[in-house]
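Grab a pencil and work through these exercises with the model open beside you. Try each task before peeking at its solution.

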Amino acid sequence: MINKNFSIRKSDIINRRMFIIGTAKLIIFGGLIARLFSLQINNNKKYLTLSDKNRIREWKLPPTRGNIVDYFGNIIAGNLKVYQLHVIPEQVENFNYLISRLKVILNLSNKRVEKIKKKKKQLKPWESLIVSENLSWDEFSKINNYLYELVGVKPVMTISRDYPFSDIYTHVLGYVSQPNEEDILENEVIQEKFVPGIKIGKLGLEKTLENDLIGVNDIQRYEVNAYGKRINQLEYQKGKQGSKIRITLDTEVQKLCAELMDGKAGSISVMDIFTGEVIAMYSSPSYNPNSFLFGISQDEWQLIRNNPLKPLINKTLSGLYSPGSTIKPIVALSALENGIMDTNFKVQCKGKMELHGQTFHCWKEKGHGWMSLNNAMKQSCDTYFYEIARKLGVDKLKVTAERFGLGKKVLGEYFENEKAGQFPDTKWKINELGKGWVLGETLITGIGQGYTQTTPIQLCLMTAQIANGGYKIKPKILTDDNQLTSEQIKKAMQTTSLNEFNIPLYDDSKNIKIIKEAMFSSTNELYGTSYKSRIDDPKYQFAGKTGTAQVKRISKRERELDLKTFQIPYEERDHALYIAFGPYKNPRYSLSIIVEHGGSGSSAAAPMATKLFKLIVDRHQYRKKIPNYKEFNI
Amino acid sequence: MFQHTRLNSDQNFFQKVKNLDYILIFCILILSVVSLFVMYSTDGGEFLFHTKSHLIKLSVFFVLMLVISFFNIKLWHVSSYFLYVATILLLIWVSFYGIKVSGSQRWINLYFLVLQPSELMKIAVILCLAKYYHRINIEKVNSLIGISFALTIIIIPIILVLSQPDLGTSVLIACSGLIILWLGGVKIKYFFVSLITFLISLPFIISYLQPYQKLRILTFLDPDRDPLGAGYQIIQSKIAIGSGGFSGKGFLQGTQSYLDFLPEKHTDFIFTLFSEEFGFIGSIGLLLLYSIIIIRIIRIGVLSRSSFAKLFCFGFAFAIFIYITVNLSMVLGLLPIVGSPLPILSYGGSSMLATMIGFGIVLSAKIHRKQIIA
């Protein structure tokens, strides 16, 4: 009985304590359910996002770059289909065997094979290893023939930049190549669109307009597992080709420039004197931008780099030259504007001029005799310009020179390597050199020597602004669909009403006319320095001014020797310059030509203008027909 | 009364079949079917190794459960100490000749089954203590000798299991044992005092933990500390469960699991996969199923006449509860990661064998609920 009592008491204890535990269990299960609720209901969105982040990975493909076309819509930087060979390492059974097979089929060098093996080590096994970036069609079809035995090999068709006109546009367009670390850090757009294999602009418009040209990546979305392996493709999001860029240049003119400059160092620029559109801009020598697409070979790079004619420099924009006699129209204009002289003013040239015991020579040793403005310009008499420069003073000259565009960047926003050059004055010399201005320096500034440094495009702009009657224009290299035609702007410049094109750079328009006439004489009248290069047909007739810029001071002995150009070492020969505008009766275009170490402007530079104007004027009728401008309405 | 007892013990086969707890068996069957589906999902939606093996084990052990249930509860009472000692011997055997996997020596290879004796100990310790408290005089329960003996029964296997090392299982053995002490009538005061002592000495205990165990605790406190290393499991498990949402991603659609983001998805993290695919609703359903099983076991305990049967049923019900709680808390990021399987659902023969034996004894208690054990 006692036993039974105990047993009942025991049962009571057990049952009571069970009840307590039961309650605890309920509470704990309640807690677990609350936790489930919090994770699955309250924070469902957060965890769904995290789960998608886990499993979905994006693969960006290189975007297709926008085309660049010339004024007439010809593609000058396009895209070409290229054949590539990729290998997916994880699908390959025996990598070394495969590579040795590919080596035989594609004739790969040992160096290349080593490079591929090295690259393979840096990749994950499912990432594609690019064995060849640019297969020829023969190689591509050969690979396809052997494909059955080359497991893991993937022939791929992709798109690459192509410059169909090879080297004639290099200094305008630049080129594309693989971005380096700096490129990626500098540009957020590249950062965002970067994928291995992407090519970006390294120079010129390709670089400046990168963000417009680059386009939008194609995106492949894959589901991946925890080890990053692709399981299946979820989505293929088509990207967008970059914007099309249309530039103002004319390929035909550009081609002629390249032809004329063949074998020489220098630059030719052509500009529409009303719209400011650059028609041609060629720096010689150039190089082939296509060489950079798949990595330039060391040999080819050394050849370009070490070329004494310096193909890497864009001479049109960053070449700094003394303008020589091409500055004379500005000196004369400044003198006229400042009332220093008039057309009747005469100076006697005796071949040299003495000032404070220093001798300043005219290029013609015997002297020109009594010179008026027109004659002095025609024959490029240095003594005349020494004299008016002396009377004018460098400070006043600088005002006029700057007004017409010297000492300032012309296309600065598009070309980061453009240089501003300089036009000196007294203040400049004190600030820069810490020395006072000497009157002798004014004299040589008057003939475009000394401290003055100009770029070819500046001289072209200066000429354009004289040719259009002395109005300010805005140089441009990209077309603008809202822009007025050359004809419309011309009209707008000449109306008396105020408008954005009627910004005179002169004080008296008569002076501009005098200068234009003097330039006409220089080319089209007997004894003119470029008389031999003239065109009599008024349709093509142009006016210009030659220039011969000394590279070094001419010693007394050299002056006595009077060597012919070919007798002087190349680096010491004068630069030949020529600026011109035409057709004279109804001016449309201006140009500047510089041949480095070409000798005299009249023999080396001016003859090129003859050929150029014939083409430029003929091309004008085609250019005129391109209808893209809004109706003129002022 | 005597007559009644004899009559009861002499049930024939059909009477025994009639007395089986069919609701409990039905729930176990549903759970088994669910576990097969989940296992099928962990195999990536194919009838592969884990699913096959799980199916075979389930079938064999389910039959074993039914066989056990037909033995008289008295038999289990009689053999309790023997089973306990036998399991202790197995544990000692393991510590010398066991199979070592990734630093832990826990298994015996029986060729048809890789046995983990520590899993069997979870049941053995309940059986042993149930018998002890069934037999002990109620006055002696709170005596020094009474408590010491009970604690020794718990501590011996714990030391053996800890030395494997296997913290998770030893914690579960301790819980199962302590609950019998509680049910057996050990003073509440003692529990409080030991709980407080435990909390105070916790820092010292932690200093004796293995580095990987310390890391787990640190990771539990802040999973984002090392998201790709130690915190990875907790984070991925929470992502999987959380992304399941209200109704889940659907059967075989759990991206976290089939893309291998989930670690240990067959065993400790099986609930994560289940919850990802079947969502909040599914999880509640599963908890409900477990709750019914626990309640049925408790009900059998209440119906049982002998203290041994009561103690065993209540103890086993609590053990099931604690396995679920520890496992779920772990995958829900509420507790540090300690290896602890989810009963029936998790892949693993020993755990299932132990659980099925437990169910078998419970069913036996139901059939022989009127059995008096002297």
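**Exercise 1.** Work out how many residues each chain puts into the contact between chain A and chain B, and then break down the side of chain A.

*Solution.* Start with the totals for this predicted model: chain A brings 37 residues and chain B brings 37 residues. Next, look for elements of chain A that supply two or more residues to the side touching chain B: these are α1 (2-42) and α2 (44-55). Of the elements, α1(A) gives the most, with 23 residues. Finally, sort that side of chain A by class, and you get 19 nonpolar, 10 polar and eight charged residues.

**Exercise 2.** Find the residues that touch the most other members of the largest nonpolar core, then follow Val270(A) outwards.

*Solution.* This core holds 117 residues, and the ones to pick out are Ile268(A), Val270(A), Ile593(A), Ala605(A) and Ala609(A). Helix α24 of chain A (residues 601-625) provides the largest share, nine residues. Now take Val270(A) and skip its neighbours within four places in sequence: what's left in contact is Val253(A), Ile279(A), Ala280(A), Tyr589(A), Leu591(A), Leu612(A) and Ile616(A). There's another core, apart from this one, with 108 residues, including Leu172(B), Phe312(B), Ile322(B) and Ile367(B).

**Exercise 3.** Sketch chain B in terms of its helices and strands, its burial and its contacts.

*Solution.* First, the elements: chain B has 15 helices and three strands. Second, burial: 51% of its 374 residues count as buried. Third, take the contacts in chain B between residues at least 6 apart in sequence; 71% of those link residues at least 24 apart.

Terms used:
Residues numbered from 1 in each chain as written. Chains lettered and ligands numbered in written order. Predicted model: local features only at pLDDT ≥ 70, side-chain atom pairs only at ≥ 80, totals over all residues. Helix = DSSP H or I, 4+ residues; strand = E, 2+ residues; numbered from the N terminus. Buried ≥ 20, exposed ≤ 12 C-beta atoms within 10 Å, placed from the backbone. Contact = placed C-beta atoms within 7 Å. Nonpolar A, V, L, I, M, F, W, Y, C, P; charged D, E, K, R; others polar. Core = buried A, V, L, I, M, F, W, Y, C linked by C-beta atoms within 7 Å.
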